[in-house]
Amino acid sequence: MKNIAVIGSGTMGNGIAHVFAQFGYQVALIDINQDALEKALATIGKNLDRQVGKGLLTEEDKAKALGNISTHTIVADGVKAADLVVEAATENVDTKLNIFKELDQICPEHTILASNTSSISITKIGSVTGRPDKVIGMHFMNPVPVMKLIEVIRGYATSDEVTIQIMDLSKKLQKVPVEVNDYPGFVANRILMPMINEAIYTLFEGVAGVEEIDTVMKLGMAHPMGPLQLADFIGLDVCLSILRVLHDGFGNPKYAPCPLLVNMVQAGYKGAKTGEGFYKYTAGSKDILVSAQFKK
């Protein structure tokens with residue numbers, strides 16, 4: 001496996017492209033927006049600089065990694081030689097199904113089709129293709145260059161051979177792959193999202209403030225980041241989307257998103273990427289302050 005195509009150049013897509021390129025794979029990074037691709041390359045360059053600064057890579061390593069990435073705005077051009085395609089588009093069922101329908105038509109017969117989805121059924125995605133045995137989940141964690149885990153999700157029809165290939169490939173990226181079965185939220189988000197949702201309910205019901213909730217979880221449970229700050233980092237819209245997948249998939253009210261989360265997303269307060277969620281974020285500053293709406 002030498003040629004990797006990545007669909008989507010956002011936070012996850014550029015991180016996935018970065019890691020494959022760093023380990024010597026030829027990467028076609030694909031996005032319909034040329035400006036987004038240029039921004040992604042700039043982000044990858046900055047993240048490689050950070051690795052060079054820490055002594056993890058040399059300047060030569062950085063140059064080779066960047067040289068391994070090509071950018072494309074036409075999907076067919078980017079996937080024509082792909083051994084593996086990793087889709088990292090927005091967490092929306094219809095968007096992903098349409099992408100996989102197209103990929104199935106234009107990719108070489110041998111190409112494995114993977115999704116970075118954090119909650120959507122791999123079985124459902126595979127069902128819209130003519131190669132469900134070659135459809136699999138590769139759920140990378142954010143930030144991709146740093147986090148070791150890859151959740152490898154087998155759809156109902158995913159073959160043993162493809163699963164073994166993806167597990168082995170993940171190890172070549174110096175990641176730790178964990179194989180899981182295809183149920184809503186898989187493992188990571190089935191456990192994480194109810195915790196985040198409960199933290200939001202705890203705030204919503206006035207039990208404690210934003211900083212107090214996060215401090216309890218950081219100091220009492222040894223979490224590196226509190227659940228409300230983590231929700232901001234993930235994106236409150238993404239959290240809401242995953243909770244709705246869990247709620248719809250299991251039909252269990254314990255997964256129902258907190259009304260406060262719903263209201264914040266509808267109002268455009270989606271966390272760090274919009275500059276404000278439970279905390280307020282200022283460009284160029286590492287300081288984060290509790291959002292004014294949650295200050296006592």
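Leaving aside neighbours within four places in sequence, which residues is Lys273 in contact with? In this predicted model, they are Gly235, Asp237 and Val238. With Asp237 there is also a polar contact between side chains, at 2.8 Å. Lys273 sits in a loop, between helix H12 (259–266) and strand S9 (279–281). Its relative accessible area is 52%. Exposed means over 50%, so Lys273 counts as exposed.

Lys273 belongs to an annotated set. In the unreviewed UniProt entry, the annotation "binding site" covers Lys273 and Met12. It also covers Gly8, Ser9, Gly10, Thr11, Gly13, Asp31, Glu91, Lys96, Ser118 and Asn142.

Met12 lies in helix H1, which spans residues 11–22. The relative accessibility of Met12 is 18%. The cut-off for buried is under 20%, so Met12 is classed as buried. Beyond four places in sequence, Met12 contacts Ala88, Asn116, Phe140, Met141, Asn142 and Val144. One of these, Asn142, is itself covered by the "binding site" annotation.

Asn116 is another of the contacts of Met12. Asn116 is found in the loop between strand S5 (112–115) and helix H6 (122–127). Asn116 is buried, at a relative accessible area of 8%. Its contacts, again without neighbours within four places in sequence, include Met12 and Ile16. Val86, Glu87 and Ala88 are also among them. Met138, His139 and Phe140 are further contacts of Asn116. Ala88 and Phe140 are thus in contact with Met12 and with Asn116.

Definitions and conventions
Residues numbered from 1 in each chain as written. Predicted model: local features only at pLDDT ≥ 70, side-chain atom pairs only at ≥ 80, totals over all residues. Heavy atoms only, no water. UniProt positions renumbered as here; feature names shortened; annotations may be inferred. Helix = DSSP H or I, 4+ residues; strand = E, 2+ residues; numbered from the N terminus. Buried < 20%, exposed > 50% of the residue type's maximum accessible area, 1.4 Å probe, protein only. Contact = heavy atoms within 4.5 Å. Polar contact = N/O pair within 3.5 Å; in protein donor to acceptor, adjacent residues only side chain to side chain.
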